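Please report on the packing, the buried polar residues and the charge pairs of this protein. Give the cut-offs behind each term as it comes up.

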Amino acid sequence: MSENLDKPHVDEAGEAESAASERGPEGALEGSDETLQKKVKSDSPSSHRVGRPHSSPPRLVTVEELLETAKGVTNMALAHEIVVNGDFRINAVELAEGSLEKRVKEIVHKAFWDCLSVQLSEDPPTYDHAIKLVGEIKETLLSFLLPGHTRLRNQITEVLDLELIKQEAENGALDISKLAEFIIGMMGILCAPARDEEVKKLKGIKEIVPLFRAIFSVLDLMKVDMANFAISSIRPHLMQQSVEYERRKFQEVLEKQPNSLDFVTQWLEEATNDLLTQKYRHALPAGGGAAGSGDAPLLTPVSVQNHAYLKLLKWDHFQRPFPETVLMDQSRFQELQLQLEPLAILGAVLLVTFSTAAPGMSGHADFAEKLKMMVKTLLTDMHLPSFHLEDALTSIGEKVCLEVNSCLSLCGSSPFSIAKETVLKGQIQALVSPDDPIRRIMESRILTFLETYLASGHQKSLPTVPGGLGPIQKELEEVAVKFVRLVNYNKMVFCPYYDAILSKLLLRS
């Protein structure tokens, strides 16, 4: 949708950002906490808390302490979601069709609007309910205004003066249609551009009850728009304070639940042991040297942390609890992991195709890109439980051979022999095994690239991709940027805790 929902459609819209800054995060999000919290909870993956190590003694806590802790975690997750997720938005709540909540809401609303219809049908009409609705609309319109909207505030206050409206109703001089016309005009001024069409439709409704019902429906949408505008306005200011805020909130949780770093300790200890023993040298590159280089890793807090973050990209989310300090980003690490798995298969397929069957074809950009897109398409659903990698690789082998033969024919070269086709299909089919040497090499090189980029700090240029990753460089760099941004923010918040844990672990080593 091309319309911008993040900017109010008012003359004084230029003052919006400064006003949001004056309100601060709490003021800007006032009235939207419940919806935001539901959004954060719905986006967070369920944590499988199993096998908790007993490094801290159990402590009895009260229900009040648990509720307070839960509130602190929710607020911390909310701030984190707004800062980390640039696409974070509040959506209007839509109840499931046929649900009890939806039926109850429809019954209550019908009763209310029927009552209003009966009152307005009396002779003379009774305006008690209608005046209450005008009062609610007035408060809603005023809530959309920023401190600098003095002229609009005066207009709303003057025209929607409830005492004057009551007097007009008592004297039989109230023109409810005129009030509705003013309300619709003010909504057109205050709404986001995307709501112009909805507001315009209100002018075509002539009956009072359906008109008021439609007005409230559009006002609900405008509330969502204003909340999203407030979020976009406070995000730069929240970013400046979010590190300290999240750290402070986590410290409060830690004081009430001293074992809240148990899984973090276990995670960092495993990373330390990996680097010391090089047990997983070929699967996970060590912090001080390239995978498989044979060099002794440089064991520093930074290298251990970087290695620990790489381990999250090969995490078993169904069997292992996620470290507490990265729990709010578990879904994001899962998403990166799901992007890397088919990327490794894609890179391996292209590697064996270009090296074994058609070494000269990698220079043909059109052929290489067409082959890559074809394989990517067949691996699109690799993250789904119903996906069968073996069947997909069989299909990929057949299609790759067809594409190679087609390219050879266009180049005037001799066709692909049956023997070479059999070898190529066999190499592609062998990638189904996680232990396949080519697949393991590709995974190792991908992790080496990510580790190198992570260790490069805040350098603007990306490191050179290892050999064999050229065809998937674009996709790999996109993942690397997301991964490093996520890791760097997490480090900023929780580095003091990591340093404290690692100082003890490295001292023992």
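Lys223 counts as partly exposed because its relative accessibility is 41%. Buried means under 20% relative accessible area, exposed over 50%, and partly exposed in between, with a 1.4 Å probe and protein chains only. Asp220, at 43%, also counts as partly exposed. Lys223 and Asp220 form a salt bridge, with their closest N and O atoms 4.0 Å apart. A salt bridge here is a side-chain nitrogen of Lys or Arg within 4 Å of a carboxyl oxygen of Asp or Glu. The two residues sit three apart in helix 10 (residues 208–256), so about one helical turn separates them. Helices (H or I, at least four residues) and strands (E, at least two) are DSSP runs, numbered from the N terminus.

The model is predicted: local features need pLDDT of at least 70, side-chain atom pairs count only at pLDDT 80 or more, and totals for chains, interfaces and linings use all residues. Residues are numbered from 1 along each chain as its sequence is written, and side-chain values use heavy atoms, with hydrogens and water left out.

**Charge pairs**

The whole structure holds 18 salt bridges. Three of them are tabulated here.

| Pair | Closest N to O distance |
|---|---|
| Lys223 and Asp220 | 4.0 Å |
| Arg332 and Asp329 | 2.9 Å |
| Lys370 and Glu403 | 3.4 Å |

Is the Arg332 side of its pair buried or exposed? Arg332 counts as buried, at 16% relative accessibility. Asp329 is buried as well, at 3%. Lys370 and Glu403 meet in a salt bridge. This pair links distant parts of the chain: Lys370 is in helix 14 (residues 365–378), Glu403 is in helix 15 (residues 389–410), and their positions lie 33 residues apart. Elsewhere, Glu369, Lys372, Lys376 and Glu475 are joined into one network by salt bridges that share partners.

**Overall fold**

The protein has 18 helices and zero strands. Of its 509 residues, 44% count as buried. Contact means heavy atoms within 4.5 Å. Among contacts with a separation of 6 or more, 74% are between residues 24 or more positions apart. The exposed surface is about 26,800 Å², and carbon and sulfur atoms supply 54% of it. Accessible areas come from the Shrake-Rupley method with a 1.4 Å probe; for residues, only the protein chains shown count as cover.

**Nonpolar cores and a surface patch**

A nonpolar core is a set of buried Ala, Val, Leu, Ile, Met, Phe, Trp, Tyr and Cys residues joined through side-chain atoms within 4.5 Å. The largest core has 86 residues. Trp267, Phe333, Val400, Leu450 and Phe483 have the most contacts inside it. Helix 18 (residues 473–508) gives the most to this core, with 16 residues. A second, separate core has 43 residues, including Leu120, Met187, Val199 and Val209.

What does Val400 touch, leaving aside neighbours within four places in sequence? Val400 is in contact with Val349, Thr353, Leu371, Met374, Val375, Leu424 and Ile428.

Some nonpolar side chains lie outside. Leu100, Val104 and Val108 form a nonpolar surface patch, with about 270 Å² of accessible area together. Patch members have over 30% relative accessible area and no salt bridge; like charges are joined within 9 Å, and nonpolar side chains (Val, Leu, Ile, Met, Phe, Trp, Tyr) within 5 Å. Val108 lies in helix 4 (residues 100–121).

**Buried polar residues**

Nine of the eleven residues of helix 12 (residues 301–311) are buried, so helix 12 is largely enclosed by the rest of the structure. Among the buried ones are Asn306, His307 and Tyr309.

Tyr309 also pairs with helix 18. Asn490, found in helix 18, makes a side-chain polar contact of 2.6 Å with Tyr309. A polar contact is a pair of N or O atoms within 3.5 Å; within protein, one must be able to donate a hydrogen and the other to accept it, and residues adjacent in sequence count only if both atoms are side-chain atoms. Asn490 is buried, at 3% relative accessible area. Not counting residues up to four places away in sequence, Asn490 touches Tyr309, Thr325, Val326, Cys495 and Tyr498.

Thr325 lies in the loop between helix 12 and helix 13 (330–357). Thr325 is buried too, at 4%. Its side chain joins that of Tyr498 in a polar contact of 2.7 Å. Beyond four places in sequence, the contacts of Thr325 include Phe250, Trp267, Asn490 and Phe494.
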